[in-house]
Amino acid sequence: MAAPLELSCWGGGWGLPSVHSESLVVMAYAKFSGAPLKVNVIDNTWRGSRGDVPILTTEDNIVSQPAKILNFLRKQKYNADYELSARQGADTLAYIALLEEKLLPAVLHTFWVENDNYFTVTKPWFASRIPFPLSLILPGRMSKGALNRILLTRGEPPLYHLQEVEAQIYRDAKECLNLLSHRLGTSQFFFGDMPSTLDAYVFGFLAPLYKVRFPKVQLQEHLKQLSNLCRFCDDILNSYFRHSLGGKLAPLQLSFICVEYLHILLGLYKQNSLLIEEVCALSLNAGL
């Protein structure tokens, strides 16, 4: 009997199995390749590290980062690319590099750096899934990590002003979306009728951008003008994740719960700011 495969990842909302792009990449690839993953969704009772999510655990291995997890699954004979030609395999690597260089910075900015989106949607959602008192400090650290990743991806030092590269980030992202739309055309998937690694990456990057309801929607509006990419995301959700989305809270209901939770946390923070900061620092230093 094959060793059980367990994936720890951020959970879903807005009709998505996960709102976290890297978690979605792995979840989609597992569906495409037939890998029997047991998904453990992170909530505020989960005590493992969140910095390396998603994490794949077997009897003998712990693997993090999407590329490494996908390579591990291929070695276990779960291969979504077995029908691809050598040329298509090379194209896959090139498009994934393009996504990470041109699209990822804008996705990270939309979620973690754009103030209205971060304080209204991203921070409340993630804070509600992190145990108190770490929920008061870890989202901010995740936001800073995303900002540094954006600036490093753009070839600038971490202290460089984001405003000076923001316009270029979104220009590059829109050009990348246009290229993906042109490459997909009227096909169901990027290499024909069967999904592959590239489809998992594109879905993972696009689906949260497409579905999550943000107050600032610059890149989302551009994506929604590309009907074939939206259809691509909807088809994968309906074909591969329909049964796993039952029983989820409605997006609006979930948003209200998260915002209410954040207000409670902010009230506690104002009353006990110094104590909370000390407890958070001790908890982080202890590796909790």
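Which backbone nitrogen lies 3.1 Å from a polar atom of the side chain of Ser-18? Select Ser-18 to find out; keep in mind that this is a predicted model.

**Stop 1: Ser-18.** The backbone nitrogen is that of His-20. Ser-18 sits in the loop between strand 1 (5-9) and helix 1 (21-33). Its relative accessibility is 0%, so Ser-18 counts as buried. Now show its contacts. Leaving out residues up to four places away in sequence, Ser-18 touches Trp-10, Gly-11, Gly-12, Ser-23, Leu-24 and Met-27.

**Stop 2: an aromatic cluster.** Keep Trp-10 and add Trp-112, Tyr-118, Phe-119, Trp-125 and Phe-126: they form one aromatic cluster.

**Stop 3: the cavity.** Trp-125 and Phe-126 also help line the largest cavity. Add Trp-14, Val-19, Phe-111, Val-121, Thr-122 and Val-212 to complete the lining. The space inside is about 40 Å³. Helix 4 (residues 115-127) gives the largest share of the lining, four residues. By type, the lining has seven nonpolar residues, one polar and no charged.

**Stop 4: helix 7.** The structure has 13 aromatic pairs. Select Tyr-201 and Phe-205 for a tilted one, 6.4 Å centre to centre with 45 degrees between the planes. Both lie in helix 7 (residues 197-211), four residues apart, about one turn of the helix. Tyr-201 is buried at 6% relative accessibility, and Phe-205 is buried at 4%.

Next, pick Phe-203 and Phe-241. This pair is stacked, at 5.9 Å centre to centre and 10 degrees between the planes. It links distant parts of the chain, 38 residues apart: Phe-203 is in helix 7, Phe-241 in the loop between helix 9 (227-240) and helix 10 (251-271). Phe-203 is buried at 0% relative accessibility; Phe-241 is buried at 1%.

Definitions and conventions:
Residues numbered from 1 in each chain as written. Predicted model: local features only at pLDDT ≥ 70, side-chain atom pairs only at ≥ 80, totals over all residues. Heavy atoms only, no water. 1 Å grid on protein atoms, 1.4 Å probe; cavity = no way out; pocket = protein on both sides within 12 Å on 5 of 7 lines; lining within 4 Å. Points joined across faces, edges and corners; volume = space filled by probe spheres on them. Helix = DSSP H or I, 4+ residues; strand = E, 2+ residues; numbered from the N terminus. Nonpolar A, V, L, I, M, F, W, Y, C, P; charged D, E, K, R; others polar. Buried < 20%, exposed > 50% of the residue type's maximum accessible area, 1.4 Å probe, protein only. Polar contact = N/O pair within 3.5 Å; in protein donor to acceptor, adjacent residues only side chain to side chain. Contact = heavy atoms within 4.5 Å. Phe/Tyr/Trp six-rings, centres within 6.5 Å; stacked < 30°, edge-to-face > 60°.
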